[in-house]
Amino acid sequence: MTQFKFALMGGAAALALSAMPALAQDMTACLITKTDTNPFFVKMKEGATAKAQELGITLKSYAGRIDGDSESQVAAIETCIADGAKGILITASDTKGIVPSVQKAREAGLLVIALDTPLDPIDAADGTFATDNFLAGELIGKWARARMGDEAGDARIALLNLDVSQPSVDVLRNQGFLQGFGIELGDKTRWGDEDDARIVGQEVTQGNEEGGRRAMESLLAQDPTINLVHTINEPAAAGAYEALKSIGREADVLIVSVDGGCPGVQNVKDGVIGATSQQYPLQMAALGVEAIAAFAKDGTKPATSEGKDFTDTGVALVTDQPVEGVESIDSTRGAELCWG
C-alpha cells in the first residue's frame with residue numbers, strides 16, 4: 001500500500017473511530033499551533049473544529065505569535081490545564097523545550113497528542129499524528145537526484161530550514177532530503193554536521209516567505225552558483241524563488257519543498273517549485289480530536305502505525321516532471337487534495 005493510498009483511506013484509527021457518537025458530557029479540548037497564519041495550521045484548525053463540533057466537544061485554539069514562539073505555547077498549556085481540558089493537540093515550536101510543560105499536562109490527566117511535529121523524545125506525548133517527515137524529505141531528495149541526473153554529482157545545494165532550535169520536523173525533512181539525494185548523513189538527530197562539499201550552507205527561515213527570501217539571499221552571497229534548493233515548506237520556497245528571480249536565476253535553479261498546500265501546488269504547476277511532498281493536516285487534526293474523545297470515554301490511547309512510533313497520516317509527491325523510480329501525482333491531482 002502506498003503512502004498516498006493510506007492518506008486517502010484515512011488509516012485504521014480513522015476507520016475505528018468513524019462511528020463515534022457525539023459526547024453527552026460537556027468536554028473541552030485544546031489545539032495549540034505554531035502560528036495561526038500559516039495555511040497549514042489554518043487547515044489544521046479547520047479540521048479540528050469540524051470534528052469537535054461533530055463530537056460535541058468545545059475546542060479552544062491557541063497559537064504562537066511567530067513560528068518558534070515556544071513561550072506562548074507553554075502559556076497555552078497552562079491555560080488548558082487550568083480550564084480542565086480533557087486533551088491537548090499541539091504542533092510544538094520547541095520540541096525539546098516544551099516537554100516539561102507537556103509532562104505537567106499529562107500528570108494532570110490530560111491526553112497530549114503531537115500533530116505534524118513529533119516531540120523529542122517522541123514518547124513525551126501520548127501519541128503523534130503526522131506525516132512521515134523523513135519520507136517526505138526523502139521523496140523530494142530522490143526526485144531531485146533523478147531530475148538532475150549526471151549533474152547531481154556537482155550540485156550546489158542550499159538548505160533552507162525552519163529554526164535554530166531544530167524542531168524534529170525540521171531535522172526529519174532536512175535529513176530525509178539529504179539521504180534521498182545520496183548525501184551521507186552525520187548525526188540524524190540534527191542538521192548541519194554533514195561534510196559533503198556539495199552543500200553550500202544552511203539557513204533558517206521561520207517557515208515564512210520573507211525568511212525564505214532572506215535565507216536565499218544570504219546563501220547566494222556565499223555561492224552564486226547554487227543550483228538546488230531544499231526548503232522546509234512552501235512559503236519559504238516562494239521567498240527563495242523571489243530572491244533567485246531578483247538576480248535572473250529563477251529558471252536554472254531547482255527548488256523542492258514539503259507541504260502540498262494549494263498555493264504550493266499552484267507553484268508546482270507554474271514551475272516555481274519542481275516537486276513538493278504533500279501532507280494532510282485536516283486529517284491529522286480530525287484524528288487527534290477523535291483520540292481525545294476516545295480517551296475521555298474509556299481511557300483508550302491511540303495506537304501507532306505498523307512498524308512506526310507514530311500514526312502515519314500519509315504523504316504524496318506532487319510534480320509535473322515525474323521521474324522513473326519515484327511514485328508521484330501531478331499538480332492537477334495535487335490541487336484536488338490540497339489545502340489552504
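Select strand β1 (residues 28-33; strands are DSSP E runs of at least two residues, numbered from the N terminus): T28, C30 and I32 point one way and A29, L31 and T33 the other, and all are buried, that is, under 20% relative accessible area with a 1.4 Å probe and protein chains only. Six of the six residues of β1 are buried, so the strand is largely enclosed by the rest of the structure.

The model is predicted: local features need pLDDT of at least 70, side-chain atom pairs count only at pLDDT 80 or more, and totals for chains, interfaces and linings use all residues. Numbering runs from 1 along each chain as its sequence is written, and side-chain values use heavy atoms, without hydrogens and water.

Next, add strand β2 (residues 58-63), which pairs with β1 in the parallel sense over six bridges; pairing requires at least two DSSP bridges. S61 in β2 is the bridge partner of L31.

Move to the loop between β4 (111-115) and β5 (127-130), where P121 is placed. A cis peptide bond, with omega about 10 degrees, joins D120 and P121. D116 lies in the loop between β4 and β5; D116 is not a glycine, yet has a positive phi of about 70 degrees. D116 is buried, with a relative accessible area of 3%.

Then select Q206, in the loop between β7 (199-204) and α8. Q206 also departs from glycine identity while having a positive phi, about 60 degrees. Q206 is partly exposed (from 20% to 50%), with a relative accessible area of 23%.

Notes:
Helices (H or I, at least four residues) and strands (E, at least two) are DSSP runs, numbered from the N terminus.
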